[in-house]
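Me: Please take one part of this model and go through it closely. I would like the side-chain contacts, the accessibilities and the surrounding packing in one connected account.

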Amino acid sequence: LFSELRPQDAATMTADLEKLKVPYALADGGTTVLVDRAQVHAVRLKLMGRELPLHGTVGLELFNHTDFGMTEFAQKINYQRALQGELTRTILSFPEVRDARVHLALPEQGLFRQNASRPKAAITLHLKQGLTLRPAQVSGIQRLVAAAVPGLSAQEVTLVDQHGTAISRAADEADLATGASRLELKRDLENYLSRKVGLVLEQAFGPGQALASVDVTLNMDQVRVTTEDVLPAPDNRGGSATGVLVRERESARDGAGQDAGAAERPGRGSSMQRDAEYQAGRRVEQVVSQPGAIRRLQVVAVVRQALGEAQRSQLQQLVSATVGASLERGDAVVVQVHDPAVPQ
């Protein structure tokens, strides 16, 4: 029925088998449960449908039968238990993991008070015999747990194996890993460009008649450029644009001490004031330059044949076009001729 069970899981299953009145037998020191061959599939489906707390965990089914008289503190504890159980089940789906335990440290949050501490997670993995987790898998588990817990960062997720050895990197080790990944990126790009140039030279001169070496300098800086422009409203009358008209106000005031004859001449002795308020539009543009751009290329090609100046110039242009060299960027392409027939 089941094999390689923990003692707790075996005890849980046998207790349910007794409730179902299904005969069973234990083997391999109690880690294997045996039933009649004709009933294996039916009994297995029945046990899986009973929501057994295998691996000592429970999931969100804990809330299927909620007690309305439960306190808020008990609800928080049950939610934490359910979240730990769901994460444990997800991690157990990996083929390298035999058993797992997830512990979450969630800070208490109040309505008018926010705890300064951050949530953390500790995961213990029992790996199968002879299997290990790749660094990419360890990082994937950290990001998986961090995405499931609000406010949790991947750096705050610690993973250890069954021997108590940490398999997740700390902050300083993560910096070293970043440097290693940069070196690996540089090496992969150089190998790729060297293979491109080598293939072109092999097609042009034959196998073993030329070789190429490429050195790449990468720009690993992340640059964020923010540009903010003022967008005035267009003026259809040909005048200068001043913005969007928001409010306009006009006021008229009569002059003091005007005579009776001046009253017959409108506009004299009075003043007109016009206030206009404009608002200009804005455009904010952010350009983020990701690290890994090529800062400079240096290419060396060695040919084991005699070449003239014109042929060498053509070969230099061919190699430059193959690797995408740019003179404005300061790239250098050197073609060296080594003729075995000419004594050095």
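**A charged pair and its surroundings**

Reply: Arg118 is exposed, with a relative accessible area of 54%. The model is a predicted one, and the account below starts from this residue.

The side chain of Arg118 meets that of Glu156 in a salt bridge, with 2.9 Å from N to O. This pair links distant parts of the chain: Arg118 sits in the loop between S3 and S4, Glu156 in the loop between H4 and S5, and the two positions lie 38 residues apart in the numbering. The two partners fall into separate accessibility classes. Arg118, at 54%, is over the 50% limit and therefore counts as exposed. Glu156 has a relative accessible area of 18%, which is under 20%, so Glu156 counts as buried. The 2.9 Å separation also qualifies as a polar contact between the two side chains. Leaving out residues up to four places away in sequence, Glu156 touches Pro119, Lys120 and Ala121 as well as Arg118.

Helix H4 comes before the loop that holds Glu156. Two of its residues are worth a look. Gln142 lies in this helix and is buried, with a relative accessible area of 12%. A polar atom of the Gln142 side chain lies 2.8 Å from the backbone oxygen of Val157. Beyond four places in sequence, Gln142 is in touch with Ala154, Val157, Leu159 and Ser168. Ala148 also belongs to H4, but is partly exposed at 32%. On the same basis of sequence distance, Ala148 touches Leu83 and Leu87. The C-alpha atoms of Ala148 and Leu87 are 8.1 Å apart, although 61 residues separate them along the chain.

The same region contributes to the largest nonpolar core, which has 21 residues; Ile91, Ile123, Leu125, Ile141 and Val145 touch the most other members. Two or more residues of this core come from each of helix H3 (72-92), strand S3 (97-105), strand S4 (120-127), helix H4 (135-148) and strand S5 (157-160). Ile141 shows how these parts meet: with neighbours within four places set aside, its contacts are Ile91, Phe94, Ile123, Leu125, Leu133 and Leu159. In soluble globular proteins, nonpolar side chains tend to be buried together.

Helix H3 has a charged pair of its own. Glu86 and Arg89 meet through their side chains in a salt bridge of 3.6 Å, N to O. They are 3 residues apart in H3, which means a separation of about one helical turn. Both are partly exposed, Glu86 with a relative accessible area of 26% and Arg89 with 34%.

For comparison, the structure holds 5 salt bridges. One of them joins Asp215 and Lys186, with 3.5 Å between the closest N and O atoms. Here too the pair links distant parts of the chain, Asp215 being in strand S6 and Lys186 in helix H5 (residues 171-205), 29 residues apart. Asp215 counts as partly exposed at 32%, and Lys186 does so at 25%. Salt bridges with shared partners join Lys186, Glu190 and Asp215 into one network.

To return to the starting pair: exposed Arg118 and buried Glu156 meet in a salt bridge that links the S3-S4 loop with the H4-S5 loop.

Terms used. Residues numbered from 1 in each chain as written. Predicted model: local features only at pLDDT ≥ 70, side-chain atom pairs only at ≥ 80, totals over all residues. Heavy atoms only, no water. Core = buried A, V, L, I, M, F, W, Y, C linked by side-chain atoms within 4.5 Å. Buried < 20%, exposed > 50% of the residue type's maximum accessible area, 1.4 Å probe, protein only. Helix = DSSP H or I, 4+ residues; strand = E, 2+ residues; numbered from the N terminus. Contact = heavy atoms within 4.5 Å. Polar contact = N/O pair within 3.5 Å; in protein donor to acceptor, adjacent residues only side chain to side chain. Salt bridge = Lys/Arg side-chain N within 4 Å of Asp/Glu carboxyl O.
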